[in-house]
Amino acid sequence: MPTAGKVDLVRADGTPIDHESKFQGGKSLGLVFSGVGYNYRNPLLYYSKELLLQHGCDYIGVDFKYYADPGFRTLSDVERYKRLSSDNDIVLNEARRLAPEYDRIFLAGKSMGTSTVRICLKDKEILKKAAIILFTPGGEWNEFILELLGLINPTFVVGSLADKLYTVPNLPRLREKKNLTLHELQNANHSLEVNNVQEDIAALKEIMRVEEQFIKESLS
């Protein structure tokens, strides 16, 4: 087993960043980053985790758990950004430590978690091994697209045309990118649901089908 068997995600004040992990001696690592209130226990990320494990990857899921921190909600936007940046740096340092152990690194993020993906891609060692999975990107999406346009990494993006955070001015440019798998829903919300159980299950099943194919191709 890689030295990755122990995950160390602790803030400067000693508080741990909530996470889960499973190491099975894989040559690939899946890093799954939660959104605000949408974590690795929710369908998109839970089943993404299961797909990564099913295909032999080691796995770490990260949840900053801001939704459970009353103090976070009282912070100004500037202070929240500082907190997020600090936590992202902690995750980046851990990802950087683990990167040499693996041939392929999957970076999967939901909403705010796509910000953590973006930060990790700034590291050269991680970047050269990265396969990118983005579910309903967050507030940095318009700027993030410009960076993705310059990358050759395999990328899978899922969004809804009814989600205002997804439909940004640079989106048409992303649709023209060749090494990118784009899966767009028409009327789903930011959780990629329409609040109809059968429709939501069918949509989730199709997303997972396409994602599994993406994972297989990224490992080949």
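This briefing walks through the buried strands, one covered helix, one threonine and the empty spaces of the structure above. The model is a predicted one. Strand E4 (residues 104–110) is buried at seven of its seven residues, so the rest of the structure largely encloses it. Strand E2 (residues 28–33) pairs with E4, and six of the six residues of E2 are buried too. As for empty space, the largest pocket holds about 200 Å³, and the whole structure has one cavity of 30 Å³ or more.

**Strand E4**

- In a regular strand, side chains take turns pointing to the two faces of the sheet.
- E4 is covered on both of its faces. Arg 104, Phe 106, Ala 108 and Lys 110 sit on one side, and all of them are buried. Ile 105, Leu 107 and Gly 109 sit on the other side, buried as well.
- E4 runs parallel to E2, and six bridges join the two strands.
- If you want to find that pairing on screen, look for Gly 30 opposite Phe 106, or for Leu 31 opposite Leu 107.
- E4 also pairs with strand E5 (130–135). That pairing is parallel and has six bridges, with Gly 109 partnered by Leu 134 in E5.

**Strand E2**

- With six of six residues buried, E2 is largely enclosed by the rest of the structure.
- Ser 28, Gly 30 and Val 32 cover one side of E2, while Leu 29, Leu 31 and Phe 33 are on the other. Every one of these residues is buried.
- Besides E4, E2 pairs with E3, in the parallel sense and over five bridges. Leu 31 has Ile 60 as its bridge partner in E3.

**The cavity**

- The largest cavity contains about 40 Å³ of space.
- Its lining is made up of Leu 9, Leu 31, Phe 33, Ile 60, Val 62, Val 91, Glu 94 and Ala 95. Leu 31 and Ile 60, the bridge partners from E2 and E3, are thus both on the list.
- E2, strand E3 (58–63) and helix H3 each put at least two residues into this lining. H3 gives the most, with three.
- By class, the cavity lining splits into seven nonpolar residues, no polar ones and one charged.

**The two largest pockets**

- What lines the largest pocket? There are 15 lining residues, and Met 112, Ser 115, Gly 138, Gly 139 and Glu 140 lie nearest the centre of the pocket.
- Helix H3 (77–98), helix H4 (113–120) and H6 each give two or more residues to that lining. The largest share, three residues, belongs to H4.
- The lining of the largest pocket counts eight nonpolar, five polar and two charged residues.
- The second largest pocket comes in at about 160 Å³. Val 36, Tyr 66, Phe 72, Asp 77, Arg 80, Tyr 81, Leu 84 and Met 112 line this pocket.
- Met 112 lines the second largest pocket and is also among the residues nearest the centre of the largest one.
- H3 makes the largest contribution to the second largest pocket, with four residues. This lining has six nonpolar residues, no polar ones and two charged.

**Helix H4**

- H4 is mostly covered, with seven of its eight residues buried. The buried ones are Gly 113, Thr 114, Ser 115, Thr 116, Val 117, Arg 118 and Cys 120.
- Which elements do the buried residues of H4 pack against? They pack against E2, H3, E4, helix H5 (124–127), E5 and H6.
- Ser 115 is buried in H4, and this residue is one of those that lie nearest the centre of the largest pocket.

**Thr 136**

- Thr 136 sits in the loop that runs from strand E5 to helix H6 (141–148).
- Is Thr 136 buried or exposed? Its relative accessible area is 0%, and because buried means under 20%, Thr 136 counts as buried.
- The side chains of Thr 136 and Lys 110 make a polar contact of 2.7 Å. Lys 110 is one of the buried residues of E4.
- Leaving aside residues up to four places away in sequence, Thr 136 touches Lys 110, Ser 111, Val 158, Gly 159, Asp 163, His 190 and Leu 192.

Key:
Residues are numbered from 1 along each chain as its sequence is written. This is a predicted model: local features need pLDDT of at least 70, side-chain atom pairs count only at pLDDT 80 or more; totals for chains, interfaces and linings use all residues. Side-chain values use heavy atoms; hydrogens and water are left out. Buried means under 20% relative accessible area, exposed over 50%, partly exposed in between (1.4 Å probe, protein chains only). A polar contact is a pair of N or O atoms within 3.5 Å; within protein, one must be able to donate a hydrogen and the other to accept it, and residues adjacent in sequence count only if both atoms are side-chain atoms. Contact means heavy atoms within 4.5 Å. On a 1 Å grid over the protein atoms alone, a cavity is a set of points where a 1.4 Å probe fits but cannot get out, and a pocket is an open set with protein on both sides within 12 Å along at least five of seven lines; lining residues have an atom within 4 Å of a point. Grid points are joined across faces, edges and corners, and a volume is the space filled by probe spheres set on the points. Ala, Val, Leu, Ile, Met, Phe, Trp, Tyr, Cys and Pro count as nonpolar, Asp, Glu, Lys and Arg as charged, and the others, Gly among them, as polar. Two strands pair if DSSP finds at least two bridges between them.
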